[in-house]
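User: Please take a close look at one part of this model for me. Start with the sheets and what packs on them, and keep the sentences short.

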Amino acid sequence: MQNIIIFGASGNIGQQALQIIESNPNDFQITAVSIYHNVPTLINILEKHTTIRIVHLGDETQAILTAQYPNITFVTGETGINAMLAAFPTALVLNAISGFAGLYPTLQTLYGKNRTLLLANKESLVVAGDLINSLLTKNNNQLYPIDSEHCAIFQCLEQTNPCSEIILTASGGMFANKTLTDLKTIDEQQALQHPTWKMGQNITIDSSTMVNKGLEIIEAYHLFKTSKITVVLHPQAILHSAVQYADYSIIGQLSKPSMLQVLNYFLYYPTRKNSSFLKPLNFEELITLTFQKADLSRWKALQLAYRCLNENNSLAIAFNAANEELRSLFVVGKINFYQIVDYIEYFMDQIKPQKLVNYREIKELNDIIKRDIINYFSEK
């Protein structure tokens, strides 16, 4: 039986992982989880998974929970994350925390030896890809990407044949056919209605701006060690990505759009295991699949992402930090939807290209950028 630690157990990916784990009780047991502040969801998890021994919280509610669950240790902060990982050094780790907050658990996991990390936090690779790759090699760790596109690429790669190009598919969100002028009318409610995927608020907005695809470009660069990445719009989201080889053969991975497919694949990797949650493609009912190369003049977020494909990760840190802060400003009505990417470019242009090599340096720049954005808009 495989022990599992889940960071971000109350989020969308964490909840889907729990579905799979609960349907396979003889294969997995959860030993530790982290949530932010969703105590009702945590209590539901604890009632179902009596094997949990450590819980990481984002606030100071552990005193109340300690009395209710005397056999569980409740921890907070970076020291709490360290304690979780130290207590279960051989456990499989799923990092499903969204945003920059997921970087610390990623790095602390990989500072251990012989770890396997299922990484749903793409921001970790965006801001610290070189550091992560060095830790994977140094400490004999394995990292598997919990992302439909990168899981597809992983499955399509051939060990004996180097790829000549990665074809990264994108649905384009609900605004793919709108002009740049049309985007000036978009409000928050429209930006939260994704046509294909059911996701949280942040990633849905990022999909609409194509910032999420920009993050995935940088993620693919670090995962697969190539800058030859082409984004192709594919609104049906059936082909999850593909790899082209020197003879122009293209190998792609197709399935119904579901993160359960990705989680199930890597939880049991390298065995392919069926699950009641997974549904086959019905070729008799399959709609026409369409593809169109993404127009970089239309999608500035992709242009900005390509600028980040080098070892000077300060630009990628700026790209991610600015997006997180500006997305929040859009949600509260301080800026318009179409301004998000323009302001990301503006704040990226303020940053000197340089390589930051550890968590403290990366976090310091992340915090400086967010503070500068807050100050910039407070003066307007």
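Analyst: One definition first: contact means heavy atoms within 4.5 Å. The model is predicted. By that contact rule, helix 2 (residues 39–48) lies across strand 2 (28–34), strand 3 (54–57) and strand 4. Its direction runs at about 170 degrees to that of strand 3. Helix 11 (residues 259–267) packs on the sheet too. Helix 11 touches strand 1, strand 2, strand 5, strand 6 (116–119) and strand 7. Its direction makes about 160 degrees with that of strand 7.

Now the sheet itself. It is open, has seven strands and pairs in the parallel sense. The order is 4-3-2-1-5-6-7. Strand 4 (73–76) and strand 7 (142–145) are the edge strands, and each pairs on one side only. Neighbouring strands are turned against each other by 25 degrees on average, direction ignored. Look at strand 1 (residues 2–7) and strand 5 (residues 92–95). Four bridges join the two in the parallel sense. I6 faces L94 of strand 5 across that pairing.

Next, helix 5 (residues 103–111). Seven of its nine residues are buried, so helix 5 is largely enclosed by the rest of the structure. The buried residues are L103, Y104, P105, T106, L107, T109 and L110.

There is also an open sheet of five strands. Its order is 11-10-8-9-12, and its pairing is mixed. Strand 11 (250–254) and strand 12 (292–293) stand at the edges. Each has a single partner strand, so one side of each has no neighbour in the sheet. Strand 9 (residues 229–233) and strand 12 run antiparallel and are joined by two bridges. In that pair, V232 stands opposite K293 of strand 12.

Helices pack here as well. Helix 7 (residues 148–156) touches strand 8 (165–170), strand 10 (239–244) and strand 11. Its direction makes about 40 degrees with that of strand 10. Helix 10 (residues 211–224) lies across strand 8 and strand 9. Helix 10 runs at about 150 degrees to strand 8.

A word on the cysteines. The structure holds zero disulfides. The cut-off is a pair of cysteine sulfur atoms within 2.5 Å. The sulfur of C151 is 9.3 Å from the closest cysteine sulfur, that of C156, which is too far for a bond. C156 is in no disulfide either, and its nearest cysteine sulfur is that of C151. C151 counts as buried because its relative accessibility is 2%. C156 is buried too, with a relative accessible area of 3%.

Last, a helix pair. Helix 9 (residues 201–209) packs with helix 13 (residues 314–331) at an angle of about 100 degrees. Their axes are 11 Å apart. Angles of 65 to 115 degrees count as roughly perpendicular. Helix 9 is therefore roughly perpendicular to helix 13. From helix 9, the residues that meet the partner are Q201, N202, I205 and D206. From helix 13, they are N323, R327, F330 and V331. By class, this contact has three nonpolar, three polar and two charged residues.

Methods:
Residues are numbered from 1 along each chain as its sequence is written. This is a predicted model: local features need pLDDT of at least 70, side-chain atom pairs count only at pLDDT 80 or more; totals for chains, interfaces and linings use all residues. Side-chain values use heavy atoms; hydrogens and water are left out. Axes are lines fitted to C-alpha atoms, for helices over the stretch in contact, and angles run from 0 to 180 degrees between N-to-C directions. Angles under 35 degrees count as roughly parallel, over 145 as roughly antiparallel, 65 to 115 as roughly perpendicular and the rest as oblique. Ala, Val, Leu, Ile, Met, Phe, Trp, Tyr, Cys and Pro count as nonpolar, Asp, Glu, Lys and Arg as charged, and the others, Gly among them, as polar. Two strands pair if DSSP finds at least two bridges between them. Buried means under 20% relative accessible area, exposed over 50%, partly exposed in between (1.4 Å probe, protein chains only).
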